Amino acid sequence: MAWSRVAAQVAAAAVVLSAMVGGGRCMTNVAPGKNITATYGDEWLDAKATWYGKPTGSGPDDNGGACGYKDVDKEPFKGMIACGNQPIFKDGLGCGSCFEIKCDKPAECSNEPVTVFITGMNYEKIAPYHFDLSGIAFGAMAKKGEEEKLRKAGELELKFRRVKCKYPGDTKITFHIEKGSNPNYIAILVKYVAGDGDITGVGIKGKDAKEFQPMKQSWGAIWRIDTPKPLEGPLSLELTTEGGTKLVADDVIPKDWKADSVIKSELQAKE
């Protein structure tokens, strides 16, 4: 009998430890859903929502994420960001895509949709579709004045659907030439793309070149090319969105470009 009591105590302790490690949630391993593609309609899908970071913050402490974006707390994202699981993030090819989300339970939910941008990846296998939201975005699903109460729920069920990305009228597609870039290796972050929002292909063309050379996805929304022959500027870029839209920014990168610099184009996709 004494041994039975000891065994019971050990088992109980294991349950408590598991709960502590799992942040209070049951540890699960749910298979991911099908990839969310650049199709738009009225259908709402089911997902789980959690949040991370500061309650009124923009998620990661460095205001960045697995897409490579920075300053997600500022315009045009304004903290309305989410880390999607694999069928949403898609190894970075979902970076920049937009989703409407809403909840009707608990009572603090407004059931009114708000839009979030995908800026990172989450690895929790708690549902086929899972949005790990910034504190700001999670609270935005609440009725006015009930934001903090809703955040105390920690995890909830929501409805979501893919939507076209919309930005303020003066927002243009912007490129960041990453640190370490040089004439034989250049890595470029692409951000603030309206419409589909995400980029699935980038081509680059140097001065007097006739055709674009394909760049490879490095990680997130960053694309790179290694070339034995130095690329002579100005450089043009060709972008392909997930829905197949092609956008060309002619001579957008000047001849005297420098690594770790930001270039705002005059280009924007249709919403």
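This section describes strand β13 with its pairing partners, and then the salt bridges, in a predicted model.

Strand β13 spans residues 235–241, and 6 of its 7 residues are buried, so the strand is largely enclosed by the rest of the structure. Its pairing was examined with two other strands. With strand β9, which covers residues 199–205, β13 pairs in the antiparallel sense over 6 bridges. Within this pairing, Val-202 has Leu-239 of β13 as its bridge partner. With strand β14, formed by residues 246–253, β13 again pairs in the antiparallel sense, here over 5 bridges. In that pairing, Leu-235 stands opposite Ile-253 of β14. The connection between β13 and β14 is a hairpin with 4 residues between the two strands. The turn contains Gly-244, whose phi is positive, at about 100°.

The search for salt bridges covered the whole structure and returned 14. One of them joins Lys-48 to Glu-155, with the closest N and O atoms 3.2 Å apart. This pair links distant parts of the chain, as Lys-48 belongs to strand β1 (residues 45–52) and Glu-155 to strand β6 (residues 155–163), with 107 residues separating them. Glu-155 has a relative accessible area of 26% and is therefore partly exposed, since the buried class is limited to values under 20%.

A salt bridge is also formed between the side chains of Glu-100 and Arg-161, with an N to O distance of 2.9 Å. Here too, distant parts of the chain are linked: Glu-100 lies in strand β3 (residues 98–102) and Arg-161 in strand β6, 61 residues apart. The relative accessibility of Glu-100 is 17%, so this residue counts as buried. Salt bridges with shared partners further join Lys-90, Arg-162, Asp-198 and Glu-242 into one network.

Asp-73 and Lys-74 provide another salt bridge, in which the side chains meet at 3.6 Å, N to O. Both partners fall in the partly exposed class, which lies between the limits of 20% and 50%. The relative accessibility of Asp-73 is 30%, and the relative accessible area of Lys-74 is 44%.

Strand β6 thus contributes a residue to two of the salt bridges described, through Glu-155 in the pair with Lys-48 of β1 and through Arg-161 in the pair with Glu-100 of β3.

Technical notes:
Residues numbered from 1 in each chain as written. Predicted model: local features only at pLDDT ≥ 70, side-chain atom pairs only at ≥ 80, totals over all residues. Heavy atoms only, no water. Buried < 20%, exposed > 50% of the residue type's maximum accessible area, 1.4 Å probe, protein only. Pairing = 2+ DSSP bridges. Salt bridge = Lys/Arg side-chain N within 4 Å of Asp/Glu carboxyl O.
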